[in-house]
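Q: Please take a close look at one part of this structure, the nonpolar core, and explain how it relates to the domains of the chain.

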Amino acid sequence: MQPPPAPSGPSGPDPRAKKILFDTFWSSKGWIDRDARQLSEADREYAKRHGMMFDPLTIGHDALATETRRLVESIEPTKASAAFLASLTSRRLDLRSGLASYVLASAAGPHDYVGNASGTCVTCGALREHRDEDLDVLNFERHKWGGVRHGDPLYTLLDLSELARTEPATPTDDDRATFEKILELVADSAPKDTPGKLSRRLADALPSSKPERDVLVEILAAVGVLAPSDPSRGSGEFVHAGAWRGADGYSRTAVARLFGPRA
Ligand SMILES: [Zn+2]
């Protein structure tokens with residue numbers, strides 16, 4: 001990836017650049033069709049200058065895997081955890097995303113490309129060669145909902161690149177209290193509660209839209225806080241959290257590993 005044009009500060013990205021990114025993909029009616037998207041060259045350049053939009057990316061599997069590995073090793077785990085916590089009351093969804101990518105990428109070691117029948121790597125899911133990939137839509141999803149493709153190799157690369165260059169975040173007492181409230185709600189789940197039910201109940205913990213909460217539940221599962229006891233179960237559209245049920249509660253081990261000892 002290209003070096004970042006400008007880091008986003010603690011207060012978040014440049015508002016105009018963020019608006020350009022959002023207005024390219026989203027309207028009050030939802031997604032804007034590819035054919036109907038309007039983006040002037042001047043606006044694109046502005047958003048790129050402020051690190052919110054990117055040139056299309058062409059990258060091979062090995063370079064993608066190597067760069068992802070380099071990013072994981074360069075980022076302090078506490079930076080990823082702090083960013084996640086700091087997202088809870090600030091509603092900086094971009095800060096929320098990286099922890100899941102960090103944990104997922106940490107689990108995959110260096111490896112060579114071994115393709116499956118559909119032409120993706122059996123280890124990481126990347127193509128042998130990615131051509132002209134659109135990182136803008138991934139960055140939009142990251143800022144809008146906290147990411148929706150955790151585990152997708154290109155998303156992981158973008159998410160970790162952004163986490164690496166983001167100023168370290170400092171969680172507040174309110175952030176930590178909100179996280180405790182989330183864990184309480186998880187622990188108070190009825191045994192057969194699904195991830196969708198948990199997502200609805202999390203509305204009591206933090207200001208959020210339904211898609212934001214669904215992603216939050218996915219992130220909690222991707223990092224191991226929600227650890228399904230029976231991975232064979234599924235639930236609707238949830239990828240990482242699909243097998244979780246209320247009876248599983250949350251993993252104190254994962255919480256301690258990621259966020260340190262609790263007060
Ligand atoms: Zn791979």
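A: The following account begins with the domains, moves to where they touch, and ends with the core.

The model is a predicted one. Its protein chain is divided into domain 1, which covers residues 15-35 + 43-165, and domain 2, which covers residues 173-259. Taken over C-alpha atoms, the centres of domain 1 and domain 2 are separated by 22 Å.

The two domains touch: 17 residues of domain 1 are in contact with 19 residues of domain 2. On the side of domain 1 that touches domain 2, the elements that give two or more residues are α4 (77-90) and α5. Helix α5 provides the largest share of that side, namely 6 residues. By character, the residues of this side of domain 1 divide into 10 nonpolar, 5 polar and 2 charged.

The core may now be considered. The largest nonpolar core has 60 residues. Helix α5 (residues 93-107) again deserves attention, as the largest share of this core, 8 residues, comes from it. The core also draws on both parts of the chain, with at least three residues from each of domain 1 and domain 2. The residues with the most contacts inside the core are Leu-99, Tyr-102, Leu-160, Ile-219, Leu-220, Val-223 and Leu-226.

One of these, Leu-160, can be examined individually. Once its neighbours within four places in sequence are left aside, Leu-160 is in contact with Thr-68, Leu-71, Val-72 and Ile-75, and also with Gly-98, Ser-101, Tyr-102 and Ala-105. Tyr-102, a contact of Leu-160, is itself among the residues with the most contacts inside the core.

Key:
Residues numbered from 1 in each chain as written. Predicted model: local features only at pLDDT ≥ 70, side-chain atom pairs only at ≥ 80, totals over all residues. Core = buried A, V, L, I, M, F, W, Y, C linked by C-beta atoms within 7 Å. Buried ≥ 20, exposed ≤ 12 C-beta atoms within 10 Å, placed from the backbone. Helix = DSSP H or I, 4+ residues; strand = E, 2+ residues; numbered from the N terminus. Domains from an automatic or database assignment. Contact = placed C-beta atoms within 7 Å. Nonpolar A, V, L, I, M, F, W, Y, C, P; charged D, E, K, R; others polar.
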